[in-house]
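Welcome! Please take a moment to look over the sequence and the model below, and then we can walk through some of its parts together.

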Amino acid sequence: MSDPIAAGGAGEGTRAVRAGLPEPVKYEPTLPGPVFAAHFHLPSEPTGPYTYGRDENPTWTHLERAVGELEAPGRDGVETLVFASGMAAISSVLFSQLRAGDTAVLPSDGYQALPLVRAQLEAYGIEVRTAPTGGDAQLAVLDGAKLLWIESPSNPGLDVCDIRRLVEAAHARGALVAVDNTLATPLGQRPLELGADFSVASGTKQLTGHGDVLLGYVTGRSGEPMTAVRRWRKIVGAIPGPMEAWLAHRSIATLQLRVDRQSATALAVAQALRGRPEVTGLRYPGLADDPSHQVASRQMRRFGCVVSFTLPTRARAERFLEELRLVDDATSFGGVRSTAERRGRWGGDAVPEGFIRLSVGAEDPEDLVTDVLRALEESAR
């Protein structure tokens with residue numbers, strides 16, 4: 001009998017629950033516990049899979065298989081590598097693929113740490129061009145590039161680009177393409193199916209979903225590019241601890257449940273905010289009138305848990321956050337407990353002072369909508 005998970009034919013909930021599990025062994029746990037080991041027994045020649053703790057670990061192996069089964073179900077010739085954080089995963093792709101004299105194209109409206117990455121790339125003699133995510137603007141600066149970095153939806157502005165179109169244009173010019181899939185998760189979109197060479201994400205966010213693990217991963221087609229990423233991980237040592245890897249794998253079992261609940265509630269919150277006079281710049285790709293909805297609907301199966309909007313002033317935004325009772329004032333996103341922040345407090349994003357990034361958790365939708373609307377009313381006083 002064929003395995004529906006391996007063949008890519010299982011439903012997404014079934015896949016999330018079963019992903020990466022080893023073959024059952026009598027009297028052993030379904031998901032083996034974390035393996036804490038700096039070294040392994042290694043008689044004679046090192047021909048086995050596990051030799052030293054910086055290179056491989058059985059707990060990573062189970063997690064990497066799980067992520068690969070979500071990012072590229074039923075596909076052969078794809079591998080996943082896990083890292084100590086999302087930025088470790090991002091850095092591994094950029095710094096393993098680019099050399100002095102190469103050109104990289106990054107989004108100008110992407111994650112807050114990308115300007116730091118740009119400065120380091122330029123210090124190594126790599127040219128960096130930027131363009132916004134929306135309107136597929138990166139197309140205009142692709143000529144001569146070695147690597148295109150896409151962030152769709154973008155963080156925190158939630159713009160979306162046509163990934164397949166950008167991939168085709170980049171490949172025609174001989175460039176590799178990496179897609180930051182953090183906001184979407186593999187249940188929202190699968191960049192490799194859209195033609196990308198790498199799908200990269202911070203597993204800290206919705207993939208693990210409980211706000212207690214730092215993790216990153218890279219999934220890509222087997223070959224020299226992924227071999228270079230693996231080599232970079234070995235050199236830099238940006239590896240996850242076995243406990244973090246085990247917690248991440250455990251958490252993936254509820255991914256579909258969490259993503260479905262959070263996406264549905266995020267849409268309800270966005271719809272409730274749409275008619276508020278003090279709210280401007282409301283963005284959520286799942287809204288039918290969102291500027292990105294048409295493109296997002298073609299390539300995304302779910303639209304994520306983040307809603308962004310702007311209140312009139314910094315003071316109004318801060319009062320709004322203070323009045324929330326079911327939403328923690330915290331950075332990051334994707335957790336089962338809702339969080340929100342005035343994003344401009346960090347200074348790294350080109351957003352108005354009153355810009356709010358709201359990450360919708362797993363609370364009852366009615367309770368969360370009520371809390372958000374009450375906080376808006378209270379913040380006006």
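A residue is called buried when its relative accessible area is under 20%, exposed when it is over 50%, and partly exposed in between, using a 1.4 Å probe and protein chains only. Helices (H or I, at least four residues) and strands (E, at least two) are DSSP runs, numbered from the N terminus. The model is predicted, so to speak of local features pLDDT must be at least 70, side-chain atom pairs count only at pLDDT 80 or more, and totals for chains, interfaces and linings use all residues. Residues are numbered from 1 along each chain as its sequence is written, and side-chain values use heavy atoms, with hydrogens and water left out.

**Strand β4 and its partners**

Let us begin with strand β4, residues 147–151, where 5 of the 5 residues are buried. Its two faces are both covered: L147, W149 and E151 lie on one side, L148 and I150 on the other, and all are buried. Strands of a sheet pair through backbone hydrogen bonds, either parallel or antiparallel. Two strands count as paired here if DSSP finds at least two bridges between them. The table lists three strand pairs.

| Strand pair | Bridges | Sense | A bridge pair |
|---|---|---|---|
| β2 (residues 103–107) and β4 | 2 bridges | parallel | V105 and L148 |
| β4 and β5 (residues 176–180) | 5 bridges | parallel | I150 and V179 |
| β8 and β9 (residues 306–310) | 2 bridges | antiparallel | R283 and S308 |

Helix α5 (residues 163–172) joins β4 and β5 in a right-handed β-α-β unit. Right-handed means that, with the strands pointing away from the viewer, the path from the first strand over the helix to the second runs clockwise.

**The mixed sheet**

Another sheet is open and has 5 strands, in the order β8-β9-β12-β11-β10, with mixed pairing. At its edges stand β8 (280–283) and β10 (328–329), each with a single partner strand, so one side of each has no neighbour in the sheet. Helix α8 (residues 255–274) packs on this sheet and touches β8, β9 and β12 (355–359), its direction making about 15° with that of β9. Helix α10 (residues 314–323) lies across β9, β10, β11 (339–342) and β12, and runs at about 160° to β11. Axes are lines fitted to C-alpha atoms, for helices over the stretch in contact, and angles run from 0 to 180 degrees between N-to-C directions. Contact means heavy atoms within 4.5 Å.

**Helix α2**

How many of the 14 residues of α2 are buried? The count is 12, so this helix is largely enclosed by the rest of the structure. Among the buried residues are W60, H62, L63 and V67. The helix covers residues 58–71 and reaches 20 Å from its first C-alpha to its last, close to the 20 Å expected at 1.5 Å a residue. That expected span is 1.5 Å times one less than the number of residues. At the N-terminal end of α2, N57 acts as a cap, with a side-chain oxygen 2.7 Å from the backbone nitrogen of T59.

**Two residues to compare**

D371 is found in helix α11 (residues 365–379). This residue is buried, with a relative accessible area of 5%. Its side chain makes a polar contact with the side chain of R374 at 2.8 Å. A polar contact is a pair of N or O atoms within 3.5 Å; within protein, one must be able to donate a hydrogen and the other to accept it, and residues adjacent in sequence count only if both atoms are side-chain atoms. Leaving aside neighbours within four places in sequence, D371 is in contact with E323, L324, R325, L326 and V327.

R381 sits in the segment after α11 and is exposed, with a relative accessible area of 72%.
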